[in-house]
Structures are given as C-alpha cells and as structure tokens.
Amino acid sequence: MTDLEDKFRNLKYKLSKKYDGKNLNVLIFSLTDILPHADLTDNSTGQALFNKLDETGVISPKNVSLLLDITRLIGPKAAENIVRKYIDDNKIQNTDQSGLSSYRKQLFRAVKQAKEGALQSVNDYYNLGKYEFKTLLDAVFHLETELLLTEEDPDKLMAFSQLLGKRAQKELGLSSTGRPMYFVCIINKKCKLA
C-alpha cells in the first residue's frame, strides 16, 4: 500500500465518523443517483458506503471530487474541512468536477427549505403513514425508490414540490409552467444551471 493509499483509507475512515446516525441518512440520500439502491440499504454505515464508492471506482486516492461535492452540499463543515485538508496536503488536482447531479442538489436544497409540516403533507398525499418516516429525506428516498418521484417526470415533481411550499419550489427552480428550470433550459438550450 502506498502512502497516498494509506492517507486515502484514513480519509474514508475520518469521513465515516462524521456520517453516523442522522447524518448517515443524509449521506445515503446524496448517493441515490450514484450507487444502486441495494448498495445504499445493505451498506448501513458511512465506512461501508465510502468503501463501496472506492470499490466501484467512483472515488480513488487521486479522485475525491465527489467527496468534496457531497460534503459541500450536505455538511457538516468539519467533513468538508477533512476533504479539503486531504486535497491540500496531497496536492490533489481536478477537484472542481461535480459528482452530484443538478437534480440531486436541487432536491436536497428543496427538502431543506420545506415548510413546517411538509413531512406530514407528504405522508398524507402519498399514503405513507404506515412507514412512519421520521425525516423528509427518508420519505423522499422511499418515493424515489418506488418511482413515485423521478427527475424524468415533471408532473410528479411538481405535485411533490407543492407539498413542500414556495421556498422549496424555488430551490427546485420550478418555472411558471410547472416544469423544473433545467427541463426548460434543455428544451430552449439557452441556460445552464449548476
């Protein structure tokens, strides 16, 4: 094992300690577009998820862009600092590449901006009461798993966003047509969203 591989293993270990409990669910949500559902549910620790990302080649000792992207989006700030220190100490390049989709980022921000009572509204609308979700992110993960909420279906996304409130709709970039702005941009080929 090289020195860089050892430092990378240590990076994964340190990050895994930041994603226990509640933070683990946020990490799982952020990886929904990247790892298969079975990997997300079977690997129930941060360490297991980071190892799976490494095994599949999504991250490596010289490619930590996804880790930086995740920690910037979901926090905590201490996790981002761990990744930045690894990048600086090891002179890692090309960390400006995004690993998370625009949709995943917008959906995460929308959930964070959801109005009070949004979890109850989502549970009622989708008849999720039997699952007793404790967080909105858990409910969204379930909706995506069951294909009740998908990036490809603007109507489903619009119905969902109305349950979250206006601030969340704005985070999703919904246009006056009810279509997410990135769909409008693709059709019109006039803008680019991050």
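This is a short talk about how the helices of one predicted model are arranged and packed.

Okay, hi everyone. Before anything else, please keep in mind that what you see above is a predicted model.

Let's begin with the whole chain. What does it have in the way of helices and strands? There are 12 helices and 0 strands. If you read along the sequence, the pattern is simply α-α-α-α-α-α-α-α-α-α-α-α. The chain has 194 residues, and 46% of them are buried. On the outside, the accessible surface comes to about 10700 Å², and carbon and sulfur atoms account for 48% of that.

Now, how much do distant parts of the sequence touch? Take the contacts between residues at least 6 apart in sequence: 61% of those join residues at least 24 apart. Hold on to that figure, and I'll show you some examples later.

On to the helix pairs. In general, two packed helices are described by the angle between their axes and the distance between the axes. I'll go through three pairs that way.

Pair one is H1 with H4. Helix H1 covers residues 3-18 and helix H4 covers residues 46-55. Their axes come within 8 Å and cross at roughly 140°, and the crossing is right-handed. Who touches whom? From H1 you have Phe8, Lys12, Tyr13, Leu15 and Ser16, and across from them in H4 are Gly46, Gln47, Phe50, Asn51 and Asp54. Sorted by class, the residues of this contact are 4 nonpolar, 4 polar and 2 charged.

While you have H1 on screen, look at the spacing of Phe8, Lys12, Tyr13, Leu15 and Ser16. Here's a rule for your notes: an α-helix has 3.6 residues a turn, so residues three or four places apart point the same way.

Staying with H4 for a moment, which of its residues are buried? Those are Gly46, Ala48, Leu49, Phe50, Lys52 and Leu53. Notice that Gly46 and Phe50 also turned up in the contact with H1. After H4 comes Gly57, and its phi is positive, near 80°.

Pair two is H7 with H9. Helix H7 is residues 102-112, helix H9 is residues 136-145, and they pack at an angle of about 140° with their axes 10 Å apart. Because of that angle, H7 counts as oblique to H9. This crossing is right-handed too. The H7 side brings Tyr103, Arg104, Leu107, Phe108 and Val111, and they meet Leu136, Leu137, Val140 and Glu144 from H9. By class, that contact has 7 nonpolar, no polar and 2 charged residues.

So what about H7 itself? Of its 11 residues, 8 are buried, so H7 is largely enclosed by the rest of the structure. The buried ones are Tyr103, Arg104, Lys105, Gln106, Leu107, Phe108, Ala110 and Val111.

Pair three brings H7 back, now with helix H5, residues 65-74. The axes of H5 and H7 come within 11 Å and cross at roughly 20°. An angle like that makes H5 roughly parallel to H7. The contact is made by Asp69, Leu73 and Ile74 of H5 together with Lys105, Phe108 and Arg109 of H7. By class, you get 3 nonpolar, no polar and 3 charged residues. Phe108 is worth a click, since it is in this contact and also in the one with H9.

Last bit: three single residues.

First up is Phe141, in helix H9. Is Phe141 buried or exposed? It counts as buried because its relative accessibility is 15%, and the cut-off for buried is under 20%. Leaving aside neighbours within four places in sequence, Phe141 is in contact with Ile28, Thr32, His37, Leu40 and Thr41. Thr32 is 109 residues away along the chain, yet the C-alpha atoms of Phe141 and Thr32 are separated by 7.8 Å.

Next, Lys22, in helix H2, residues 22-30. Lys22 is exposed, with a relative accessible area of 63%. Its C-alpha atom is 9.2 Å from that of Thr135, and those two are 113 residues apart along the chain.

Finally, Asp39, which sits in helix H3, residues 37-42. Asp39 is buried, at 17% relative accessible area. Beyond its neighbours within four places in sequence, Asp39 is in contact with Leu49 and Lys52, and both of those are among the buried residues of H4.

That's my tour. Thanks, everyone!

Note on methods: Residues are numbered from 1 along each chain as its sequence is written. This is a predicted model: local features need pLDDT of at least 70, side-chain atom pairs count only at pLDDT 80 or more; totals for chains, interfaces and linings use all residues. Side-chain values use heavy atoms; hydrogens and water are left out. Axes are lines fitted to C-alpha atoms, for helices over the stretch in contact, and angles run from 0 to 180 degrees between N-to-C directions. Helices (H or I, at least four residues) and strands (E, at least two) are DSSP runs, numbered from the N terminus. A crossing is left-handed if the near helix is turned anticlockwise from the far one by less than a right angle, and right-handed if clockwise. Contact means heavy atoms within 4.5 Å. Ala, Val, Leu, Ile, Met, Phe, Trp, Tyr, Cys and Pro count as nonpolar, Asp, Glu, Lys and Arg as charged, and the others, Gly among them, as polar. Buried means under 20% relative accessible area, exposed over 50%, partly exposed in between (1.4 Å probe, protein chains only). Accessible areas come from the Shrake-Rupley method with a 1.4 Å probe; for residues, only the protein chains shown count as cover. Angles under 35 degrees count as roughly parallel, over 145 as roughly antiparallel, 65 to 115 as roughly perpendicular and the rest as oblique.
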